[in-house]
Amino acid sequence: MLSKNIEVALNNQIRIEAESSQIYLSMACWAEASGLEGIAQFMYAQSDEERAHMLKLIKYVNERGGHAQITDLKAPRTTYDTFQGMFEELYKHEIFVSNSINELVHITFAEKDYATHNFLQWYVAEQIEEEATAKSILDKINLIGDDKGGLYLFDRDIQQVAVASAAAAAATK
């Protein structure tokens, strides 16, 4: 059984994961409308991944005797000045999510809910990967600078990342 405090904290994380999915979906729409097909495909995949994270939390809360709650979400930003600015926002958002997961882990440890603490370790590892990916992408974007040819190649390269991620996700199902 989940304590009420942990149930509330997990429901907050469910909302954060849902908002993450919406943010990345909005980024995908902007990229696609801007002719950045590879970036759009990558962001659609990121949106799907965040939704899967949300569903995993929902199932956990309900299986542990809690009640997962679906609440209102903040509307995401719909336009960006540059694709670099969009990826900077993505990186900052991943850091925010990591901090939220870390706080959730702290709560479970303080309440001695070791089952939930153990469950959340997957999210801790996932956030390390998400932050590293976002940072790596930003590093590549900074190398490109204002080079249009570099942007074209980056868009194609990131499309391959999205395809590889989708294949890996399908293989684990």
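# Helices and core of a predicted model

Good morning, everyone; I would like to begin with a single residue, A171, which lies in helix α5. Please keep in mind throughout that what we have in front of us is a predicted model. With a relative accessibility of 65%, A171 counts as exposed, because the cut-off for that word is anything over 50%. If you then look for L90, which sits 81 residues away from A171 along the chain, you will find that the C-alpha atoms of the two are separated by 26 Å.

Let me now go back to the start of the chain and take the helices in order. Helix α1 covers residues 4-33, and helix α2 covers residues 37-63. How far apart are the axes of α1 and α2, and at what angle do the two helices pack? Their axes are 8 Å apart, and the packing angle is about 165°. An angle over 145 degrees counts as roughly antiparallel, and α1 and α2 are therefore roughly antiparallel to each other. When we sort the residues of this contact by class, we find 18 nonpolar, six polar and six charged ones. As for the handedness, α1 passes α2 in a left-handed crossing.

It is also worth checking the length of α1 against what we would expect. The helix has 30 residues, and at 1.5 Å a residue these should span 44 Å; since the C-alpha atoms at its ends are in fact 44 Å apart, the two values agree. Just after α1 comes G35, which takes a positive phi of about 80°.

Within α1 itself, I would point out N5, which counts as partly exposed because its relative accessibility is 44%. Although N5 and I107 are 102 residues apart in sequence, their C-alpha atoms are 8.4 Å apart in space.

We can now turn to α2 and α3, whose axes come within 13 Å and cross at roughly 20°. Since angles under 35 degrees count as roughly parallel, that makes α2 roughly parallel to α3. The crossing of these two helices, α2 and α3, is left-handed.

Helix α3 has 28 residues, and from its first C-alpha to its last it reaches 41 Å, which is close to the 40 Å expected at 1.5 Å a residue. Just after α3 we meet K112, with a positive phi of about 60°, and here the positive value belongs to a residue other than glycine. K112 is found in the loop between α3 and α4, and it is exposed, with a relative accessible area of 60%.

In helix α4 I have chosen L138. Is L138 buried or exposed? At 8% relative accessibility it counts as buried, because the limit for that class is under 20%. L138 and E126 are twelve residues apart in sequence, and their C-alpha atoms are 18 Å apart in space.

Finally, I would like to bring the helices together by way of the largest nonpolar core, which has 25 residues. Which of its members touch the most other members? They are M27, I39, M43, F83, M86, F87 and F154. Each of the helices α1, α2, α3, α4 and α5 supplies at least two residues of this core, and the largest share, six residues, comes from α1. If you would like to trace this on the structure, α3 runs over residues 83-110, α4 over 114-144 and α5 over 148-172.

Terms used
Residues are numbered from 1 along each chain as its sequence is written. This is a predicted model: local features need pLDDT of at least 70, side-chain atom pairs count only at pLDDT 80 or more; totals for chains, interfaces and linings use all residues. Side-chain values use heavy atoms; hydrogens and water are left out. Axes are lines fitted to C-alpha atoms, for helices over the stretch in contact, and angles run from 0 to 180 degrees between N-to-C directions. Helices (H or I, at least four residues) and strands (E, at least two) are DSSP runs, numbered from the N terminus. Angles under 35 degrees count as roughly parallel, over 145 as roughly antiparallel, 65 to 115 as roughly perpendicular and the rest as oblique. A crossing is left-handed if the near helix is turned anticlockwise from the far one by less than a right angle, and right-handed if clockwise. Ala, Val, Leu, Ile, Met, Phe, Trp, Tyr, Cys and Pro count as nonpolar, Asp, Glu, Lys and Arg as charged, and the others, Gly among them, as polar. The expected span of a helix is 1.5 Å times one less than its number of residues. A nonpolar core is a set of buried Ala, Val, Leu, Ile, Met, Phe, Trp, Tyr and Cys residues joined through side-chain atoms within 4.5 Å. Buried means under 20% relative accessible area, exposed over 50%, partly exposed in between (1.4 Å probe, protein chains only).
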